[in-house]
Amino acid sequence: MYHARIRKIAEYNFIKWQANSLHKTMTEQVELYRNYARFVKRLVLLAGIWPMTQKESSYFYRQLPILAVSSGVIMFFGVLRFCRDNISNLSLFTKGLSLVGSFSLISLKALMFFIYRKQLSELNGILDPMFEKTLENPRLRPILLSLLNLFRYFTYIFYILITSTLVLYICTPLIFIGYEAIKDIHPRRYGLPFPTSFPWIDGTPGIYYHIEYLFEIQFGWFAIFVTSSVDSLFGFYIFQIVGLFRAISYECEYFTQSAEDLHDILHNCIKKHIKLLHCRNIIQNVYGPIIFNLVLTSATVLCALSFQIFKTEMTVSKTLLFVVYGVMKGIQTFMYAWYGSIIISEGEDFRRRIYCCKWYAYGNLSIMKGILLVLTQKPMVLVALRRKPCYLIIREQAISSESSSDLTDELQIHTLLAIY
């Protein structure tokens with residue numbers, strides 16, 4: 001009797017310890033999510049492209065995207081001029097070519113966030129409250145945050161790589177100038193951070209050289225924060241959508257104790273699905289041209305970097321710069337591919353889990369209509385350009401997908417929801 005009582009007390013204490021450990025772990029995970037969300041928002045704010053209303057920000061801040069776009073365009077044409085001037089020198093030509101695509105992509109990112117500022121604000125107003133409301137349910141927290149570490153590690157690593165790349169570009173000319181001054185080398189080379197060519201720069205120190213150097217440092221700021229913030233925000237949106245998909249599926253599969261419960265949960269599931277489809281449409285509008293540009297330019301950039309590494313004379317600084325830059329571009333392309341792939345897989349898993357929620361056990365016609373509504377919808381897919389056939393950067397082999405009319409899809413959903 002005594003030993004049995006001791007064993008029960010021990011089992012009770014162990015279960016209590018497990019519950020406390022799980023609670024502590026989930027509290028830490030929620031705090032990690034808050035830090036991740038704050039980090040991404042801070043990046044977008046520093047880039048000057050966070051969607052704000054007139055009351056929330058100053059006039060100067062709202063015009064920062066124009067400065068980012070114009071700086072990127074000037075640098076883009078400066079690199080093009082450098083490539084034209086050195087077209088007979090393959091080593092210098094590929095050096096400039098490796099940055100043409102990146103500079104155009106920076107300008108495009110800032111431009112798209114400036115054009116779709118209101119839509120992005122609407123997107124934040126839909127996803128954030130929906131995610132926070134679902135996060136309040138302790139049973140759904142492990143489901144929502146199951147992929148948190150994977151997404152946030154990608155964000156932090158990419159930010160470190162892009163920052164390291166730009167710091168190397170900006171500091172390399174200063175190091176050479178300092179080295180030549182110490183060694184008293186003449187004539188001295190006054191290079192710029194990036195391989196650009198402008199008519200007012202002749203390789204000698206002067207007011208124009210200093211202004212141009214400061215301008216390229218300013219562009220380096222935008223290059224760091226526009227690139228890292230736009231790519232990280234895309235991953236953050238995908239993380240929220242995937243988490244909500246998993247939470248909705250879990251609710252339908254495990255929270256149903258009766259036909260009434262399943263009916264209510266399924267009704268809320270359909271309403272959330274409609275909101276997520278609307279969020280998908282906004283993300284496609286904003287990121288479609290960005291992804292399309294990335295696909296076109298990444299191959300050129302990586303080929304140019306590979307040529308410089310293996311076919312030209314390399315120093316330690318050049319090798320370090322090209323390796324870091326190449327790894328950064330590779331991770332950037334992989335991030336967009338993986339984000340698109342996980343959306344497709346989660347959409348398919350969502351439909352499969354909805355079908356397996358034992359709806360057939362209740363024999364309720366209304367529930368059957370709701371299940372049919374979900375199953376007749378196509379899995380959520382992100383396309384690079386809407387309303388046109390395109391190749392999605394989803395897996396190693398791209399999937400050809402014809403984009404259907406989103407307006408027709410939403411009208412179909414609302415019609416079936418009214419019937420349901």
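Helices here are DSSP runs of H or I with at least four residues, strands are runs of E with at least two, and the numbering of both starts at the N terminus. Keep that in mind as you click around, and remember that this is a predicted model.

**Stop 1: the whole chain**

Switch to cartoon and colour by secondary structure. You should find twelve helices and two strands. Walking from the N terminus, the order is α-α-α-α-α-α-α-α-α-α-α-β-β-α. Of the 420 residues, 47% count as buried. Take the contacts between residues at least 6 apart in sequence: 78% of them join residues at least 24 apart.

**Stop 2: the annotated spans**

Next, select 59-80, 92-116, 156-179, 219-239, 286-307, 319-339 and 359-376. An unreviewed UniProt entry labels these as "transmembrane region". Two are worth a check against the model. Residues 92-116 are 96% helix and 0% strand, with 37 Å between the end C-alpha atoms. For 286-307 the helix share is 100% and the strand share 0%, and the end C-alpha atoms lie 33 Å apart.

**Stop 3: helix α4 and its cap**

Select residues 90-115, which make up α4. How far apart should the ends of this helix be at 1.5 Å a residue? Its 26 residues should span 38 Å, and the end C-alpha atoms are indeed 38 Å apart, so the model agrees with the expected rise. Now show Asn89 as sticks. It caps the N-terminal end of α4, with a side-chain oxygen 3.2 Å from the backbone nitrogen of Ser91.

**Stop 4: helix α5**

Move along to residues 117-135. This is α5, with 19 residues and a reach of 27 Å from first C-alpha to last, close to the 27 Å expected at 1.5 Å a residue. Which residues here are buried? The set is Arg117, Leu120, Leu123, Asn124, Ile126, Leu127, Met130, Phe131, Thr134 and Leu135. While you look down the axis, recall that an α-helix has 3.6 residues a turn, so residues three or four places apart point the same way.

**Stop 5: the largest pocket**

Turn on a surface. The largest pocket has a volume of about 870 Å³. It is lined by 27 residues, and those closest to its centre are Lys95, Pro173, Arg189, Gly191 and Leu192. The elements giving two or more residues to this lining are α3 (64-85), α4, α7 and α10 (316-355).

**Stop 6: the largest cavity**

Hide the surface and go inside. There are four cavities of 30 Å³ or more, and the largest has a volume of about 160 Å³. To centre your view on the largest cavity, select Ser102, Ile106, Ile162, Tyr325 and Met328, the nearest to its centre among 17 lining residues. Helices α4, α7, α8 and α10 each give two or more residues to this lining. Which of them gives the largest share? That would be α4, with six residues.

Stay in this area and pick Thr165, in α7. Its relative accessible area is 1%, so Thr165 is buried. Leaving aside neighbours within four places in sequence, Thr165 is in contact with Leu321, Val324, Tyr325 and Met328. Two of the residues at the cavity centre, Tyr325 and Met328, are thus also contacts of Thr165.

**Stop 7: Val226**

Jump to Val226 in helix α8. Is this residue buried or exposed? Val226 counts as buried, because its relative accessibility is 0%. Beyond four places in sequence, Val226 touches Ala47, Ile106, Lys109 and Ala110. For a distance label, try Pro65: the two C-alpha atoms are 9.4 Å apart, though the residues are 161 apart along the chain.

**Stop 8: Thr196 in its loop**

Now find the loop between α7 (148-183) and α8 (207-254) and pick Thr196. With 10% relative accessibility, Thr196 counts as buried, because the cut-off is under 20%. Leaving out residues up to four places away, Thr196 touches Met75, Gly78, Val79, Phe82 and Glu216. Draw a line to Glu216: a 2.8 Å polar contact joins the two side chains. Then label Phe76, which is 120 residues from Thr196 in sequence and 8.5 Å away, C-alpha to C-alpha.

**Last stop: Gln29**

Finish in helix α1 (residues 2-47), which holds Gln29. This residue is buried, with a relative accessible area of 16%. Apart from residues up to four places away, Gln29 touches Leu145, Leu148 and Asn149.

Methods. Residues are numbered from 1 along each chain as its sequence is written. This is a predicted model: local features need pLDDT of at least 70, side-chain atom pairs count only at pLDDT 80 or more; totals for chains, interfaces and linings use all residues. Side-chain values use heavy atoms; hydrogens and water are left out. The expected span of a helix is 1.5 Å times one less than its number of residues. Buried means under 20% relative accessible area, exposed over 50%, partly exposed in between (1.4 Å probe, protein chains only). UniProt positions are given in the numbering used here, feature names are shortened, and annotations may be inferred rather than shown by experiment. Contact means heavy atoms within 4.5 Å. A polar contact is a pair of N or O atoms within 3.5 Å; within protein, one must be able to donate a hydrogen and the other to accept it, and residues adjacent in sequence count only if both atoms are side-chain atoms. On a 1 Å grid over the protein atoms alone, a cavity is a set of points where a 1.4 Å probe fits but cannot get out, and a pocket is an open set with protein on both sides within 12 Å along at least five of seven lines; lining residues have an atom within 4 Å of a point. Grid points are joined across faces, edges and corners, and a volume is the space filled by probe spheres set on the points.
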